[in-house]
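These are my notebook entries on a structure I looked up. I went through it one topic at a time and wrote down what I found.

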Amino acid sequence: MNRLRTSMLATVIILVGCQSVANYQANLQAWVGQSEQNLEASWGSPSSIALSGDLRLISYLQNDGAYVQGGYWAGRVMPLYCTTTFTIQNDIVIQAQFVGNQCQSY
(Lines give C-alpha, C1' and ligand atoms only; values in the text may rest on other atoms or scores of the structure.)
Protein backbone atom coordinates (compact mmCIF):
# COMPACT_ATOMS: atom_id res chain seq x y z
CA MET A 1 0.00 0.00 0.00
CA ASN A 2 2.85 2.36 0.82
CA ARG A 3 4.48 1.69 -2.57
CA LEU A 4 1.20 2.46 -4.32
CA ARG A 5 0.91 5.82 -2.54
CA THR A 6 4.49 6.69 -3.40
CA SER A 7 3.94 5.73 -7.02
CA MET A 8 0.72 7.74 -7.23
CA LEU A 9 2.39 10.79 -5.65
CA ALA A 10 5.29 10.60 -8.12
CA THR A 11 2.83 10.39 -11.03
CA VAL A 12 0.89 13.42 -9.79
CA ILE A 13 4.10 15.45 -9.40
CA ILE A 14 5.21 14.56 -12.91
CA LEU A 15 1.81 15.43 -14.39
CA VAL A 16 1.69 18.76 -12.55
CA GLY A 17 5.15 19.63 -13.90
CA CYS A 18 4.11 18.79 -17.46
CA GLN A 19 0.87 20.69 -17.09
CA SER A 20 2.62 23.93 -16.12
CA VAL A 21 4.91 23.74 -19.18
CA ALA A 22 1.88 22.97 -21.35
CA ASN A 23 0.12 26.00 -19.88
CA TYR A 24 3.12 28.18 -20.69
CA GLN A 25 3.07 26.96 -24.30
CA ALA A 26 -0.67 27.62 -24.54
CA ASN A 27 -0.25 31.12 -23.10
CA LEU A 28 2.46 31.88 -25.66
CA GLN A 29 0.36 30.62 -28.54
CA ALA A 30 -2.35 33.09 -27.54
CA TRP A 31 0.04 35.85 -28.64
CA VAL A 32 0.23 34.57 -32.22
CA GLY A 33 -1.73 37.02 -34.37
CA GLN A 34 -1.39 39.86 -31.82
CA SER A 35 0.48 43.10 -32.52
CA GLU A 36 4.05 43.70 -31.45
CA GLN A 37 2.86 46.80 -29.59
CA ASN A 38 0.39 44.76 -27.50
CA LEU A 39 3.11 42.21 -26.76
CA GLU A 40 5.57 44.85 -25.54
CA ALA A 41 2.85 46.62 -23.56
CA SER A 42 2.22 43.37 -21.67
CA TRP A 43 5.73 41.85 -21.49
CA GLY A 44 7.75 45.07 -21.27
CA SER A 45 11.00 45.84 -23.04
CA PRO A 46 12.63 42.75 -24.56
CA SER A 47 16.02 41.47 -23.40
CA SER A 48 17.20 41.36 -27.02
CA ILE A 49 16.03 42.02 -30.57
CA ALA A 50 17.52 40.37 -33.65
CA LEU A 51 16.72 40.89 -37.33
CA SER A 52 16.56 38.11 -39.90
CA GLY A 53 15.41 39.37 -43.29
CA ASP A 54 11.92 40.81 -42.77
CA LEU A 55 11.55 39.08 -39.39
CA ARG A 56 12.21 40.51 -35.94
CA LEU A 57 13.08 38.06 -33.15
CA ILE A 58 12.15 39.55 -29.79
CA SER A 59 13.49 37.63 -26.79
CA TYR A 60 12.76 37.82 -23.09
CA LEU A 61 15.15 36.21 -20.61
CA GLN A 62 14.02 35.19 -17.15
CA ASN A 63 16.91 34.25 -14.88
CA ASP A 64 15.86 32.85 -11.49
CA GLY A 65 19.32 32.07 -10.13
CA ALA A 66 20.50 28.51 -9.66
CA TYR A 67 20.19 25.48 -7.45
CA VAL A 68 22.65 22.80 -6.42
CA GLN A 69 21.66 19.32 -7.56
CA GLY A 70 23.12 16.39 -5.64
CA GLY A 71 24.20 18.12 -2.45
CA TYR A 72 26.26 21.16 -1.55
CA TRP A 73 29.76 19.68 -1.72
CA ALA A 74 29.43 17.14 -4.53
CA GLY A 75 26.61 18.79 -6.40
CA ARG A 76 26.22 20.36 -9.78
CA VAL A 77 24.99 23.93 -10.14
CA MET A 78 21.94 24.15 -12.39
CA PRO A 79 20.88 27.57 -13.70
CA LEU A 80 17.16 28.34 -13.51
CA TYR A 81 16.13 30.21 -16.65
CA CYS A 82 13.59 30.66 -19.41
CA THR A 83 14.20 32.35 -22.75
CA THR A 84 11.05 33.16 -24.69
CA THR A 85 11.32 34.33 -28.30
CA PHE A 86 8.57 35.85 -30.38
CA THR A 87 8.93 36.06 -34.16
CA ILE A 88 7.43 39.25 -35.58
CA GLN A 89 6.53 39.88 -39.23
CA ASN A 90 4.81 43.09 -40.38
CA ASP A 91 4.32 44.09 -36.72
CA ILE A 92 2.38 40.86 -35.96
CA VAL A 93 3.50 37.92 -33.79
CA ILE A 94 3.70 34.89 -36.08
CA GLN A 95 5.47 32.43 -33.76
CA ALA A 96 6.32 31.96 -30.08
CA GLN A 97 8.84 29.51 -28.67
CA PHE A 98 10.81 28.96 -25.49
CA VAL A 99 13.74 27.10 -24.03
CA GLY A 100 14.75 26.59 -20.40
CA ASN A 101 13.81 24.84 -17.20
CA GLN A 102 11.75 27.68 -15.66
CA CYS A 103 9.21 28.13 -18.47
CA GLN A 104 6.02 27.47 -16.55
CA SER A 105 2.53 28.90 -16.12
CA TYR A 106 -0.02 27.96 -13.53
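Entry 1, the loop. I began with aspartate 91, which is partly exposed, with a relative accessible area of 42%. I note that the model I am reading is a predicted one. The value of 42% for aspartate 91 earns the label "partly exposed" because buried requires under 20% and exposed requires over 50%. I located aspartate 91 in the loop between S3 and S4. Its backbone caught my attention: aspartate 91 has a positive phi of about 65 degrees, although it is not a glycine.

I then turned to asparagine 90, which also lies in the loop between S3 and S4. Asparagine 90 is not a glycine either, yet its phi is positive, at about 55 degrees. I recorded asparagine 90 as exposed, since its relative accessible area is 65% and the cut-off for exposed is over 50%.

Entry 2, the disulfide. How many disulfides does the structure hold? I found one. It joins cysteine 82 to cysteine 103, with an S to S distance of 2.0 Å. The pair links distant parts of the chain, 21 residues apart. I placed cysteine 82 in strand S3 (residues 76-89) and cysteine 103 in the segment after strand S4 (92-100). I read 110 degrees about the S-S bond, and the link of cysteine 82 and cysteine 103 is right-handed. I also checked exposure: both cysteine 82 and cysteine 103 are buried. For reference I add that a disulfide is a covalent bond between the sulfur atoms of two cysteines.

Entry 3, threonine 85. Is threonine 85 buried or exposed? I noted threonine 85 as buried, because its relative accessible area is 15% and buried means under 20%. Threonine 85 sits in strand S3. With which side chain does the side chain of threonine 85 make a polar contact? The partner is the side chain of serine 59, at 2.9 Å. I then listed the contacts of threonine 85, leaving aside neighbours within four places in sequence: Leu57, Ile58, Ser59, Gln95, Ala96 and Gln97.

Entry 4, the surface. I looked for nonpolar surface and recorded a patch of about 270 Å², made by Leu61, Tyr81 and Val99. Of these residues I followed leucine 61, which lies in strand S2 (residues 55-69). Leucine 61 is exposed, with a relative accessible area of 53%.

How values were computed. Residues are numbered from 1 along each chain as its sequence is written. This is a predicted model: local features need pLDDT of at least 70, side-chain atom pairs count only at pLDDT 80 or more; totals for chains, interfaces and linings use all residues. Side-chain values use heavy atoms; hydrogens and water are left out. Patches are made of residues with over 30% relative accessible area and no salt bridge: like charges are joined within 9 Å, nonpolar side chains (Val, Leu, Ile, Met, Phe, Trp, Tyr) within 5 Å. Accessible areas come from the Shrake-Rupley method with a 1.4 Å probe; for residues, only the protein chains shown count as cover. A salt bridge is a side-chain nitrogen of Lys or Arg within 4 Å of a carboxyl oxygen of Asp or Glu. Helices (H or I, at least four residues) and strands (E, at least two) are DSSP runs, numbered from the N terminus. Buried means under 20% relative accessible area, exposed over 50%, partly exposed in between (1.4 Å probe, protein chains only). A disulfide is a pair of cysteine sulfur atoms within 2.5 Å. A polar contact is a pair of N or O atoms within 3.5 Å; within protein, one must be able to donate a hydrogen and the other to accept it, and residues adjacent in sequence count only if both atoms are side-chain atoms. Contact means heavy atoms within 4.5 Å.
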